[in-house]
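Thanks for coming. I have one structure to go through this morning, and I will take it piece by piece.

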Amino acid sequence: MRVIGIFETLTLAPNGLSLVEISTRLGSPKSSLLLLLRPLVAQGYLLHADSRYRLGPAAFHLASSILSTRRQPEQLRTAMEWLARESGETVMLTVLERDSCMVNYTEVIPSEQLVRYVAPVGSMRPLYTSAAGRLFLAYQDEAWREAYLKKTKFKPITPHSVTNVDMLRKILEKTRQDGLSVTMEETILGAAGCAAPVFNADGSVTTALLVGAPADRFKRNLPQLSALVREAAARASAIQPK
């Protein structure tokens, strides 16, 4: 369980953690943690540089293998494939992780274009800067959303990140009205995306379809991409969106 705890802790720390920080967060002695960390580094599950531990390539490969075994409903997979063909851009299936308040990229169909944007399966993004994240915020119940907005420390990830709470509230209100979320270079410079909600049978939203592309091409094709992602998400939904 401590190994799982190490992975969960580092998943929430993309810049890595020191031994002392891991020890504090897990409440485990440094000496016993080292007995676990060293073999994980040796096998490539963790990287150790500059006195900080980060997830390594073997961990991401394992995550990808685990996610690939989770079969998506045929309706959802068909909608993703249609969207990938029609848009020519990378299509990602995203899931809300309520406990960690993050977006999880659970499935990816990469664009076949030479210049493209692709996020690895298993990637995690903050809710407040990502297109899918803001979409999820817009469609959650008000109490949960307000609790998130009050407790989260909004730090800019790029110079374009919106961190003003009042501005975020206005963006979320518009997102709910439009049924679409768009971000431009707020999480990764040079990349942009738009997301639309996949409705569950009870009308809730915990899954979204996301189209990601290089920012310049995305801006040129935004009207077309917006219409396509809306259509694909509607096809994938258990109920028809209102």
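Start with G193, which sits in strand β7. Keep in mind throughout that this is a predicted model. Is G193 buried or exposed? Its relative accessible area is 5%, and the cut-off for buried is under 20%, so G193 counts as buried. Which residues does G193 touch, once those up to four places away in sequence are left out? There are A131, S181, V182 and T183, then L210, V211 and G212, and also F218. A132 is worth pointing to as well: it is 61 residues from G193 in sequence, yet the two C-alpha atoms are 8.5 Å apart in space.

Strand β7 also takes us to the largest nonpolar core, since β7 (191–199) is one of the elements that give two or more residues to it. That core has 30 residues, and M92, L127, F136 and Y148 have the most contacts inside it. Besides β7, the elements giving two or more residues are the strands β3 (90–97), β4 (102–109) and β8 (205–214), and the helices α6 (131–139), α7 (142–151) and α8 (165–178). Which of them gives the most? That is α6, with seven residues. There is another core apart from this one, made of 25 residues, including W82, V91, V198 and A215.

Now to helix α7. Its buried residues are W144, R145, E146, Y148 and L149. So R145 and E146 are buried here, and with the cut-off that puts each of them under 20% relative accessible area. The elements covering the buried residues of α7 include β3, α6 and α8. For Y148, setting aside neighbours within four places in sequence, the contacts are C101, L127, Y128, L137 and F154.

One of those contacts, C101, has a backbone feature of its own. C101 is not a glycine, but has a positive phi of about 55 degrees. It lies in the loop between β3 and β4, and is buried, with a relative accessible area of 10%. S51 also has a positive phi without being a glycine, in this case about 65 degrees. Where is S51? In the loop between β1 (46–49) and β2 (52–55). Unlike C101, which is buried, S51 is exposed, at 56% relative accessible area.

Last, the helices at the start of the numbering. Two packed helices are described by the angle between their axes and the distance between the axes. For α1 (residues 2–11) and α2 (residues 19–26), the angle is about 115 degrees and the axes are 10 Å apart. The pair is therefore roughly perpendicular, and the crossing of α1 and α2 is right-handed. On the α1 side the contact is made by R2, G5, I6, T9 and L10, and on the α2 side by I22, R25 and L26. By class, that contact has four nonpolar, two polar and two charged residues.

α2 also packs on helix α3 (residues 30–42), with axes that come within 10 Å and cross at roughly 110 degrees. α2 and α3 are therefore roughly perpendicular too. From α2 come L19, V20, I22, S23 and L26, meeting K30, L33, L34 and L37 of α3. The residues of this contact divide into seven nonpolar, one polar and one charged.

Methods:
Residues are numbered from 1 along each chain as its sequence is written. This is a predicted model: local features need pLDDT of at least 70, side-chain atom pairs count only at pLDDT 80 or more; totals for chains, interfaces and linings use all residues. Side-chain values use heavy atoms; hydrogens and water are left out. A nonpolar core is a set of buried Ala, Val, Leu, Ile, Met, Phe, Trp, Tyr and Cys residues joined through side-chain atoms within 4.5 Å. Buried means under 20% relative accessible area, exposed over 50%, partly exposed in between (1.4 Å probe, protein chains only). Helices (H or I, at least four residues) and strands (E, at least two) are DSSP runs, numbered from the N terminus. Contact means heavy atoms within 4.5 Å. Axes are lines fitted to C-alpha atoms, for helices over the stretch in contact, and angles run from 0 to 180 degrees between N-to-C directions. Angles under 35 degrees count as roughly parallel, over 145 as roughly antiparallel, 65 to 115 as roughly perpendicular and the rest as oblique. A crossing is left-handed if the near helix is turned anticlockwise from the far one by less than a right angle, and right-handed if clockwise. Ala, Val, Leu, Ile, Met, Phe, Trp, Tyr, Cys and Pro count as nonpolar, Asp, Glu, Lys and Arg as charged, and the others, Gly among them, as polar.
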